[in-house]
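Open your viewer and get ready to click along. We'll go stop by stop, and at each one you'll hear what to select and what to look for.

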Amino acid sequence: MEESVTQPEQRTAECGSSLPGQIMTESGIGRSAYDTPERGTRPEDPAKDNKDRFAGSMELMFSLPSRDWKQYSALALAYIGDAVYELIIRTIFVKRADMQVEKLHRKVTRCVSAKAQAKMITALLPVFDEEEMAIYRRGRNAKPYTKAKNATMAEYLEATGFEAVMGYLYLEERFERMNELTAKGLEALGMGETRRV
């Protein structure tokens, strides 16, 4: 008896809408529309040869528009910058040591708190370029809806300025610059073994 082979049907993702380039199989496991026998890899974009593939693949997969960073509010830049900076710090600590999550959390928190970020700004202000300084000022002068629990309002605003810069660099795909500023900031916190081999 011959088995019938059915093609996987395209279904809507459970989070609400189908994802461009994503095929949901009957088992509910997603696979890329680019991973077909005829096309084993994603199409290459020659214009992005020298760019990091992470952001480029997100733009492709989710059909993200390209926008000028000036169109974002300072608080929107700070919102994404906060997450990106914390991911950098978490990555550093996870890759350096295999330890209990509670210990990791304590170490990360010392670096990502508003108080720590405000302390980092002292070292970073002299190395900011003109654009970074303008974004920092926009973030620092924004009117946030919340306040950090363990920091003064001045520290919180300085941290918001720092996060806005990180958000801007992330959206501009300037990942090397993000790492440079993070390394300099960690040195200011006395955690400067940034280039340990």
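Is Q117 buried or exposed? Select Q117 and check its surroundings: Q117 is buried, with a relative accessible area of 0%. Here "buried" means under 20% relative accessible area, "exposed" means over 50%, and "partly exposed" is in between, using a 1.4 Å probe and protein chains only.

Some ground rules before you click on. This is a predicted model, so local features need pLDDT of at least 70 and side-chain atom pairs count only at pLDDT 80 or more, while totals for chains, interfaces and linings use all residues. Residues are numbered from 1 along each chain as its sequence is written, and side-chain values use heavy atoms, with hydrogens and water left out.

**Stop 1: the whole chain**

Zoom out and switch to a cartoon view. You should find seven helices and two strands, in the order β-β-α-α-α-α-α-α-α along the sequence. Helices (H or I, at least four residues) and strands (E, at least two) are DSSP runs, numbered from the N terminus. The chain has 197 residues, and 34% of them count as buried. Turn on the surface: the accessible area is about 13,200 Å², with 52% of it belonging to carbon and sulfur atoms. That area comes from the Shrake-Rupley method with a 1.4 Å probe; for residues, only the protein chains shown count as cover.

**Stop 2: back to Q117 and its helix**

Q117 is found in helix α4, so select 114–124. Now show what Q117 touches: Y85, C111, V112, A159, F162 and E163, not counting residues up to four places away in sequence. A contact means heavy atoms within 4.5 Å. Next, colour the buried residues of α4, which are A114, A116, Q117, A118, M120, I121 and L124. Which helices do they pack against? Look for α2, α3, α5 (130–140), α6 and α7.

**Stop 3: just past α4**

Click on L125, in the loop between α4 and α5. L125 is partly exposed, with a relative accessible area of 29%. Leaving out residues up to four places away in sequence, L125 touches M133 and Y136. Try the distance tool from L125 to F162: they are 37 residues apart in sequence and 9.6 Å apart in space, C-alpha to C-alpha.

**Stop 4: helix α6**

Select 153–171, which is α6. How many of the 19 residues of α6 are buried? The count is 15, so α6 is largely enclosed by the rest of the structure. You can check the helix's span too: at 1.5 Å a residue, α6 should span 27 Å, and its end C-alpha atoms are 27 Å apart, which agrees. The expected span is 1.5 Å times one less than the number of residues in the helix.

Step on to E173, which follows α6 and lies in the loop between α6 and α7 (175–188). E173 has a positive phi of about 60° although it is not a glycine. At 18% relative accessibility, E173 counts as buried.

**Stop 5: two residues with faraway sequence partners**

Pick A78, in helix α2. A78 is buried, with a relative accessible area of 4%. Beyond its neighbours within four places in sequence, A78 is in contact with T160, E163 and A164. A78 and M166 are 88 residues apart in sequence, yet 7.3 Å apart in space, C-alpha to C-alpha.

Now W69, in the loop between α1 (53–62) and α2. W69 is buried as well, with a relative accessible area of 8%. Setting aside neighbours within four places in sequence, its contacts are L77, E131, I135, R138, Y168 and E172.

**Stop 6: the largest pocket**

Last, show D82, A114, A148, Y156 and E163: of the 22 residues lining the largest pocket, these lie nearest its centre. A pocket is an open set of points on a 1 Å grid over the protein atoms alone, where a 1.4 Å probe fits, with protein on both sides within 12 Å along at least five of seven lines; lining residues have an atom within 4 Å of a point. The volume is about 590 Å³, meaning the space filled by probe spheres set on the points, which are joined across faces, edges and corners.

Which helix gives the most to the lining? Colour α2, which supplies five residues.
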